[in-house]
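Me: I would like a close look at a single part of this protein. Please describe that part in connected prose and say how far the model can be relied upon.

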Amino acid sequence: MSMILFAFVVRVRDGLPLSASTDFEHNPELQERKHQLRTISKALGRFPDRGTVKGQQLHIYFTSSEGVSYMTVCHCSLPVAKAFCFLEDLRWEFTACFSSSVVSLAARPYPFLEFDSTIQRLKQQYNQCGGPALEVTLAEVQDDLKIHPPQIITFEEVELSNGIANGHLEPASGSGQNIRLEPVTAPGVLSLVLNIVCASLNLIRGVHLFEYTFQDDNDGIWNVVAFLLAFISGICQCHLYVFHSSLKKLKSFTLLSVIVLCNLYLLGLRNMWQLAFHISVASLSTVLILSRKLQDKINDCGV
């Protein structure tokens, strides 16, 4: 099985494709990764010089140097060091064939298609021999990766950076409230309403229990905390659905976990139907938060 499936060389300043390997595989995930490579290439200026985008079975690795970025799609079982070693060998071969002035003057896509034969030779060397001919090169790359590890980039960051680079989105700071998301759907409105209902119930029960606990039972303070945490988490879920936020997946699952744990803790104060209702609403909100994507393009009403 081939470990290195595709290689791509682009110019950093404008994402102009310079050369690419020829492949005849019809793997659906490979086609998706190739599409993502082209998306990344249009916003390389917003990414670090070395990065990784992880997929299910196929990962993307790229490294940029002297205005040129070298990118590859590899099987997830290939060690990261070997992937970047391949890219270093690719960079070495490319710079030996084409000067920086020739690269900067390129005006049409794929002006160096003849470099494909070199890419194919390198791919074959890594896929059949398991790595470079000189192990010292691999050792040097491993040492360099320990000092300067590649940044892990998510697909959401790729889409966002590409939108900003093409003028479809305006950069935003903080919570990302200036970034446009897809329109709110009917299930989204329903989840917001149900979330507000659940949050209100948690707040009312929490305040009422706090008054009772303050007067008679100091041991019930943790029940109050559980109600208030569930209330805050529900409100945060509403905010996360309405507005764009970085690390959306991590925040979504964290909020869902908090709500589930709080409701399980309140098992003695709520029956099974009430618990199922609150957890189901939180789960629905999580699914809708993760499924709501960024808008591809914002129409300019002033034109």
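Reply: The account below begins with model confidence, then treats one helix, the neighbouring topic of strand pairing, and finally the cysteines.

The structure is a predicted model. The protein chain has an average pLDDT of 81, and 83% of the residues score at least 70. Two stretches call for caution. Over residues 164-178 the pLDDT stays under 50, and the model has 27 contacts beyond four places in sequence for them. Residues 296-303 also have a pLDDT below 50, with five contacts in the model beyond near neighbours in sequence.

The part chosen is helix H4, which comprises the 14 residues 116-129. From its first C-alpha to its last, H4 reaches 19 Å, close to the 20 Å expected at 1.5 Å a residue. Six positions of H4 are listed as buried: Asp-116, Thr-118, Ile-119, Leu-122, Lys-123 and Tyr-126. These residues lie on the same side of H4 because they cover an arc of only 160 degrees around the axis. An α-helix has 3.6 residues a turn, so residues three or four places apart point the same way. The face of H4 turned away from the buried side carries Gln-128 and Cys-129, both exposed. The partners of the buried residues are strand S1 (4-11), strand S2 (17-20) and helix H2 (80-97), against which they pack.

Strand S1, one of these partners, leads on to a set of paired strands. S1 and S5 run antiparallel and are joined by seven bridges, with Phe-8 opposite Met-71 in S5. Strand S5 spans residues 68-75, and eight of its eight residues are buried. Val-68, Tyr-70, Thr-72 and Cys-74 point one way from S5, whereas Ser-69, Met-71, Val-73 and His-75 point the other way. S5 also pairs with strand S4 (residues 58-65) in the antiparallel sense, over eight bridges; here Leu-58 stands opposite His-75. Two residues separate the strands in the hairpin of S4 and S5, where Glu-66 takes a positive phi near 55 degrees.

Cysteines occur in both H4 and S5, as Cys-129 and Cys-74, which raises the matter of disulfides. With a limit of 2.5 Å between the sulfur atoms, the count comes to zero disulfides. Cys-236 illustrates the reasoning: its closest cysteine sulfur, in Cys-238, is 9.2 Å away and therefore too far for a bond. As to accessibility, Cys-236 is partly exposed at 33% relative accessibility, whereas Cys-238 is buried, with a relative accessible area of 12%.

Notes:
Residues are numbered from 1 along each chain as its sequence is written. This is a predicted model: local features need pLDDT of at least 70, side-chain atom pairs count only at pLDDT 80 or more; totals for chains, interfaces and linings use all residues. Side-chain values use heavy atoms; hydrogens and water are left out. Helices (H or I, at least four residues) and strands (E, at least two) are DSSP runs, numbered from the N terminus. The expected span of a helix is 1.5 Å times one less than its number of residues. Buried means under 20% relative accessible area, exposed over 50%, partly exposed in between (1.4 Å probe, protein chains only). The arc is that of the directions from the helix axis to the C-beta atoms. Contact means heavy atoms within 4.5 Å. pLDDT is the predictor's confidence in each residue, from 0 to 100. Two strands pair if DSSP finds at least two bridges between them.
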